[in-house]
Amino acid sequence: MSEEQSGFRAKVQKFGSYLSGMIMPNIGAFIAWGIITALFIPDGWWPNEDLAGLVDPMILYLLPLLIGFTGGRMVYDIRGGVVGATATMGVIVGADAPMFLGAMLMGPLAAYLMKKFDGVFQHRIRQGFEMLYNNFSAGILAAIMAIIALKAIGPIVSGLNTALAAGVEVIVNAGLLPLANIIIEPAKILFLNNAINHGILTPLGADQASEIGKSILFLMEANPGPGLGILLAFAIFGKGVSKASAPGAAIIQFLGGIHEIYFPYVLMKPMLILAAIGGGVTGVFTLQLFDAGLRAAASPGSIFAVLAMTASDSYIGVILSVILATAVSFIIAAVILKSSKSDDEGDLSASTEKMEAMKGKESSVAGTLKGNQNNENTSEVNGEDAVPETPVKDVSQVDKIIFACDAGMGSSAMGASLLKNKFKKNDINIDVTNKAINEIPDDADIVITQKTLTNRAKAKLPTAEHISVENFLNSPKYDELVERLKNK
């Protein structure tokens, strides 16, 4: 791959990560809205007029404000978040529809302007006037941005929202929506799964669900069927390591909702992208046929999350979409695997590394696919020690350990949980939690990251001890840390 292509891909990754970064931390609020909608609206499970009164304020105000705050905080910490949320209020008031797109624009924009404004004036403020400047500068800029958003940006974003919604409706009415999976499935496997689902489909789906109570868009990327079919085909027709690891990977993918675990299997045999596309197209076509959809985003893409968010009139369509997507994906993958003459015994680890290279970061669950060979020497072989050393904290100084990843959710949460269990078994009373790499707290004593993110973590908090691991689920450094902290 040329340097120019690599640079473009990195920019696309960064932009996609930024979009999804504004949505993913707020998925819990989207799910809460979906649950309240499913239960208490007039055609819900337990209609309740008073509780149904929560539905519109949450979708119109709460969710866009959370997105605006998160986007602003990503740019300029809490100060940026406050200004971003206030500016977002302008686009909310200036439109009748949920302003997710407006929030994703105004939050970061207002925070960026606040950051630039502080860069020019903050160092000129005389001692004793800092609080006066901080409060009034943020308040004045936030007020100006809210007015601009209300009068100028709101109508533009509202028109864009209407155009996008009309475009989706045209595609749905023309029966062409399943063809979108021709783009979605390859993009998922390469590097844009979160960006597509949380950056694009979730905001559009929430807008649609606020009007008709459900949306097919929530399940276009999150359907676990295509990946499950591929993994089942490997479990039956695969060879060597791929055959042995496929059943475990299927459980993680289907029940745990971590779809990236099947990506290396497709990269090992690129023809299998046809199986993923076939399954995806089948799933979306089935949803269209039964007019089925989810009330809110299913995150992670586990079958449990999917069923929990299914609209009350859509269970047959949703369940069939998963089953048929699995079946079609399985059949296509089985044919490809049966007709393949190559021996894939040693290809899975290489495909996993290829996936991580294309995604631009380590994959926590993919570590289970690489096996445990030479586990004690993992650091040396795979380059964990290539990261410059950092000062080692004295045991008496360690009170807080942070696991950090891009979004501060999936992979870092699993690593934190694993270390917590090890600490509990050894009676070690130290706070362990997970954060996004941009939100590492200043009082963290030890920061644990995957090796590709360690330098970013060190730049964020150079005073902490930094531990670099190959993957969050399988590192010998956890046991080393436990031994070291036992006597605290």
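What follows is a walk through the sheet, a helix pair, the salt bridges and two unusual backbone angles of this structure. Keep in mind that the model is predicted.

Let's start with the sheet. Four strands make up an open sheet, lined up in the order 2-1-3-4 with parallel pairing. Strand 2 (431–436) and strand 4 sit at the edges, each pairing on one side only. If you ignore direction, neighbouring strands here are turned by 25 degrees against each other on average.

Now go across it pair by pair. Strand 1 (residues 400–405) pairs with strand 2 in the parallel sense, over six bridges. If you want a spot to click on, try Ile402, whose bridge partner in strand 2 is Thr433. Towards the other edge, strand 3 (residues 446–450) and strand 4 pair in the parallel sense over five bridges. A handy marker there is Gln450, which stands opposite Val469 in strand 4.

Strand 4 deserves a second look. How many of its residues are buried? Five of its five residues are, so this edge strand is mostly covered, with buried taken as under 20% relative accessible area. In a regular strand, side chains alternate between the two faces of the sheet. Here, Glu465, Ile467 and Val469 point one way from strand 4, while His466 and Ser468 point the other way, and all are buried.

One of those residues, Glu465, leads us to the salt bridges. The structure holds six of them, and three are worth a visit. Arg484 forms a salt bridge with Glu465, and the closest N and O atoms are 2.6 Å apart. This pair links distant parts of the chain: Arg484 belongs to helix 18 and Glu465 to strand 4 (residues 465–469), 19 residues apart. The two ends sit in unlike surroundings: Arg484 counts as partly exposed at 24% relative accessibility, whereas Glu465 counts as buried at 5%.

Helix 18 takes part in another salt bridge. Asp479 forms one with Lys422, with the closest N and O atoms 3.0 Å apart. Asp479 lies in helix 18 (residues 477–485) and Lys422 in helix 16 (residues 410–425), so the pair ties together parts that are 57 residues apart in sequence. Are these two residues buried or partly exposed? Asp479 counts as partly exposed, at 42% relative accessibility, and Lys422 also counts as partly exposed, at 23%.

The third bridge joins two loops. Lys214 forms a salt bridge with Asp291, the closest N and O atoms being 3.9 Å apart. Lys214 is in the loop between helix 7 (181–212) and helix 8 (225–237), and Asp291 is in the loop between helix 11 (273–289) and helix 12 (303–308), so the pair links distant parts of the chain, 77 residues apart. Lys214 is buried, with a relative accessible area of 12%, but Asp291 is exposed, with 55%. There is a further partner to add: salt bridges that share partners join Lys214, Asp291 and Asp313 into one network.

On to the helix pair. Two packed helices are described by the angle between their axes and the distance between the axes. For helix 4 (residues 55–93) and helix 5 (residues 100–121), the angle is about 30 degrees and the axes are 9 Å apart. Angles under 35 degrees count as roughly parallel, and that is why helix 4 is called roughly parallel to helix 5. Their crossing is right-handed. What kinds of residues make up the contact between helix 4 and helix 5? They divide into 18 nonpolar, eight polar and three charged.

Helix 4 also holds one of our backbone oddities. Most residues other than glycine have a negative phi. Asp77, though, has a positive phi of about 55 degrees although it is not a glycine. Asp77 has its place in helix 4, and it is partly exposed, with a relative accessible area of 47%.

The other case is Asp427, again a non-glycine with a positive phi of about 55 degrees. Where is Asp427 found? Look in the loop between helix 16 and strand 2. Asp427 is exposed, with a relative accessible area of 71%. That loop brings us back to the sheet, where strand 2 is one of the edge strands.

Terms used
Residues are numbered from 1 along each chain as its sequence is written. This is a predicted model: local features need pLDDT of at least 70, side-chain atom pairs count only at pLDDT 80 or more; totals for chains, interfaces and linings use all residues. Side-chain values use heavy atoms; hydrogens and water are left out. A salt bridge is a side-chain nitrogen of Lys or Arg within 4 Å of a carboxyl oxygen of Asp or Glu. Helices (H or I, at least four residues) and strands (E, at least two) are DSSP runs, numbered from the N terminus. Buried means under 20% relative accessible area, exposed over 50%, partly exposed in between (1.4 Å probe, protein chains only). Axes are lines fitted to C-alpha atoms, for helices over the stretch in contact, and angles run from 0 to 180 degrees between N-to-C directions. Angles under 35 degrees count as roughly parallel, over 145 as roughly antiparallel, 65 to 115 as roughly perpendicular and the rest as oblique. A crossing is left-handed if the near helix is turned anticlockwise from the far one by less than a right angle, and right-handed if clockwise. Ala, Val, Leu, Ile, Met, Phe, Trp, Tyr, Cys and Pro count as nonpolar, Asp, Glu, Lys and Arg as charged, and the others, Gly among them, as polar. Two strands pair if DSSP finds at least two bridges between them.
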